[in-house]
Amino acid sequence: MGETNLTRADGRKAAFRKLLSTEFYLLLFLVAILVVMRVAAPGFYSMNVIMTVLNYFSYLLIAAIGMNLIILTSNIDVAAGAIISVVAIVIAFVGKTGAPIGVFMPVGMLTGFLLSLINGLFITRLKIPAIVATLATTQLFIGFLPLVVEGSIYDLPATFTWLSFKAKLFGFLPASVIFAAVITVGFMLFMRYSQFSKKIYAVGNNQHAATLSGINVNKVMVAAFMIAGPLYGIAGTIIATAGQRVTTTMANGFEFSIIAAVVLGGTSISGGSGRIIGTVLGALILSIISPAMNYIGLSSDWSDAVMGAIILLAVIVSSVSQLTKKKGTIAEVTT
Amino acid sequence: MKKPFKIDFNIALLIILVALIAVIGIRNPNFVHYNYVMAVVVKNIMELGMMALPMTLIVITGGIDLSVGSIMIFAAISGGLVSASHGEAAGVLVTIAIGLLCGLLNGFVVAKLKISALITTLATFFLFRGIARGITAGDSVYSYKFSTAMGNTEVGGAPLALFFYIACAVVFTLLLSKTALGRSLYAIGLNQDAARYSGLKVDSILIWIYVLSGVVCSLCAFFYLGRFTSVKYDVANSMNLTVVTIIVLGGTSILGGVGDMRGTIIATFIIAVLKSGLTVMNIPIDIQTIIQGIVLIISLIVYSILGERAKQKKILEVMRDGGPRLAEE
């Protein structure tokens with residue numbers, strides 16, 4: 001939506017209206033789940049379950065924030081899972097050499113950055129639609145991995161798993177949650193106040209208009225990929241350090257969950273509209289579903305179906321409300 | 001002007017295909033042996049090839065169907081379960097009904113609710129696969145007589161699926177190039193609103209092609225279940241992306257409005273030869289994935305250089321005489 005040229009008061013009003021639409025309903029839905037869980041399965045609120053949910057939530061959210069930026073520029077990244085798999089293997093390599101604790105995260109971020117940069121350049125330089133471009137690089141990344149590693153890297157030292165097992169604030173809060181919180185707040189501020197975020201929305205809304213108003217569209221798109229890459233790297237580091245064995249297919253297919261979190265959060269797949277807070281709620285709902293179902297006695301085998309149904313319902317509800325609001329126009333452009 | 005240009009694409013693809021077969025055949029003569037070609041090269045690509053046909057129509061309208069693999073597995077699993085409890089005939093009917101209903105759901109959401117095909121089919125990718133997982137509790141489902149026969153019958157050494165594939169390929173090629181419906185698909189892909197205002201029933205056309213896609217997935221479900229005797233919910237996870245690879249390699253633009261069934265068919269066999277040919281040459285499966293990726297990238301680069309021109313020409317054609325004349329190539 002036209003976040004670029006609204007005055008601040010208008011912006012606040014628009015933001016409030018938006019809050020009432022997607023994010024508000026997501027929040028209601030989330031609260032409903034939590035209340036139901038409180039009543040139906042008090043065991044759900046044990047420290048153990050909460051920490052498991054939070055851990056999955058943090059790395060899903062970190063990756064989803066990166067994906068959100070990419071989707072805002074009206075691109076998409078189906079290589080995210082493959083990139084995270086590569087990150088996991090690269091830092092496992094480093095871990096095997098007995099490298100110190102502080103090395104893994106930067107190496108992961110750098111790996112993510114480089115691979116994502118390749119995607120960004122590929123899309124903008126050759127003018128190839130993002131979905132097929134990243135589909136092609138997915139095959140390269142996934143194909144490359146088993147060439148350097150036979151199946152998995154195992155018996156990783158304690159320095160490697162330190163991040164997931166030992167790094168805890170106040171003795172219980174996993175480091176991953178801290179990372180997610182810092183990154184989320186950082187990006188909320190970034191999206192709210194930085195000049196650059198306005199360009200991201202402008203490019204996603206209307207590429208031609210953005211070009212005409214002096215924005216370098218390609219630069220903005222590549223930048224979105226360059227920001228997403230290190231975020232994938234952080235997510236990959238959290239995923240990899242959760243065990244002493246890192247396999248080459250660790251995060252293959254994870255991109256679907258990441259995209260699902262972003263879409264559930266109300267970000268329009270055609271770009272230009274969507275907020276970080278929505279992505280936070282989307283990721284949280286997706287992380288809670290599977291364990292929640294388990295605790296009310298439904299087999300977790302149904303979690304994929306429920307997840308698919310929720311995403312479908314969410315986009316249908318937001319689309320139908322749009323269709324009724326502005327009858328006769330194409331609703332695809334807005335959320 | 002346009003004819004040599006258009007033919008060049010498919011001829012280039014054909015040359016690549018022949019060259020691949022020649023290179024692999026010289027390195028390993030067994031590869032070009034009739035039995036090997038039929039039992040390995042052709043048999044392994046049939047489901048993907050069949051799914052690529054209706055999906056080409058969908059991509060030409062500017063859509064995509066990421067749920068194809070999930071529909072196939074959902075249909076196969078439901079059919080297997082029902083045939084075990086209610087008999088063969090019920091299993092067959094349920095398999096077809098599932099594909100039809102899944103396609104109908106996709107089509108309805110895309111056409112009537114105006115939700116992007118990417119999102120819709122991403123959600124139904126989870127939904128259909130998820131239901132398949134739920135009703136089996138993650139266990140395998142076994143083949144039944146009809147499906148086994150479909151998957152393993154051979155006619156003159158060729159798998160039964162090949163004949164279905166040829167029939168489908170002919171029907172879809174004619175549908176796209178000779179019928180008004182085919183032309184309207186291009187119109188929708190180039191500009192959906194313009195197509196609507198010029199009187200095309202865009203919504204029902206879209207619903208139809210998604211239903212077609214679903215039904216073809218049902219057909220594939222028989223072959224797939226028969227071939228592997230048992231299936232689990234997660235065996236077809238990456239099928240959608242391979243089908244997209246085939247279509248893009250075949251020269252259909254993912255942005256819609258440009259595309260050709262012949263390209264898809266040739267690309268199907270290029271992927272088939274790549275997959276099995278490299279196995280014959282003892283090239284590990286991972287390098288095959290890389291090679292497949294590189295082939296896709298090269299074709300993307302070529303198409304991106306030529307694609308802009310093709311699209312402009314296509315628009316001119318539509319403006320000039322109301323439809324692309326692919327039929328005349």
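Reader: In which helix of chain A is Ile89(A) found?
Author: This is a predicted model. Residues 80-96 of chain A form one helix, and Ile89(A) is found in that stretch. The element is helix 3.

Reader: Is Ile89(A) buried or exposed?
Author: Count the C-beta neighbours inside 10 Å: Ile89(A) has 25. A residue needs 20 or more to be buried. Ile89(A) therefore counts as buried.

Reader: Which residues is Ile89(A) in contact with, leaving aside neighbours within four places in sequence?
Author: One partner is distant in sequence: Thr248(A) is 159 residues from Ile89(A), yet 6.4 Å away, C-alpha to C-alpha. The full set of such contacts is Leu145(A), Val149(A), Ile153(A), Val246(A) and Thr248(A).

Reader: Which helix gives the most residues to the largest nonpolar core?
Author: The largest nonpolar core has 207 residues. Those with the most contacts inside it include Leu60(A), Ile311(A) and Met72(B). The helix that gives the most to this core, with 16 residues, is helix 11 (residues 202-228) of chain B.

Reader: How many residues of helix 11 of chain B are buried?
Author: Helix 11 of chain B has 27 residues and reaches 39 Å from first C-alpha to last, close to the 39 Å expected. Just after this helix, Thr229(B) takes a positive phi of about 55°. The helix itself is mostly covered. Its buried residues number 21 of 27.

Reader: What is Leu60(A) in contact with, leaving aside neighbours within four places in sequence?
Author: Leu60(A) is one of the residues with the most contacts inside the largest nonpolar core. Its contacts beyond that sequence window are Ser257(A), Ile258(A), Ala261(A), Ala283(A), Leu286(A) and Ser287(A).

Reader: Which element gives the largest share of the side of chain A that touches chain B?
Author: The contact takes 42 residues from chain A and 38 residues from chain B. On the chain A side, helix 5, helix 11 and helix 13 each give two or more residues. The residues of that side divide into 31 nonpolar, 7 polar and 4 charged. The largest share, 13 residues, comes from helix 13 of chain A.

Reader: Why is chain B as compact as a globular protein of its length?
Author: Chain B has 14 helices and 4 strands. The globule rule gives 20 Å for 329 residues, and chain B comes close to that, so it is as compact as a globular protein of that length. Its C-alpha trace spans about 55 × 50 × 35 Å along the principal axes. The deciding value is a radius of gyration of 20 Å.

Technical notes:
Residues numbered from 1 in each chain as written. Chains lettered and ligands numbered in written order. Predicted model: local features only at pLDDT ≥ 70, side-chain atom pairs only at ≥ 80, totals over all residues. Core = buried A, V, L, I, M, F, W, Y, C linked by C-beta atoms within 7 Å. Buried ≥ 20, exposed ≤ 12 C-beta atoms within 10 Å, placed from the backbone. Contact = placed C-beta atoms within 7 Å. Expected span 1.5 Å × (residues − 1). Nonpolar A, V, L, I, M, F, W, Y, C, P; charged D, E, K, R; others polar. Rg over C-alpha atoms; globule rule 2.2 N^0.38 Å.
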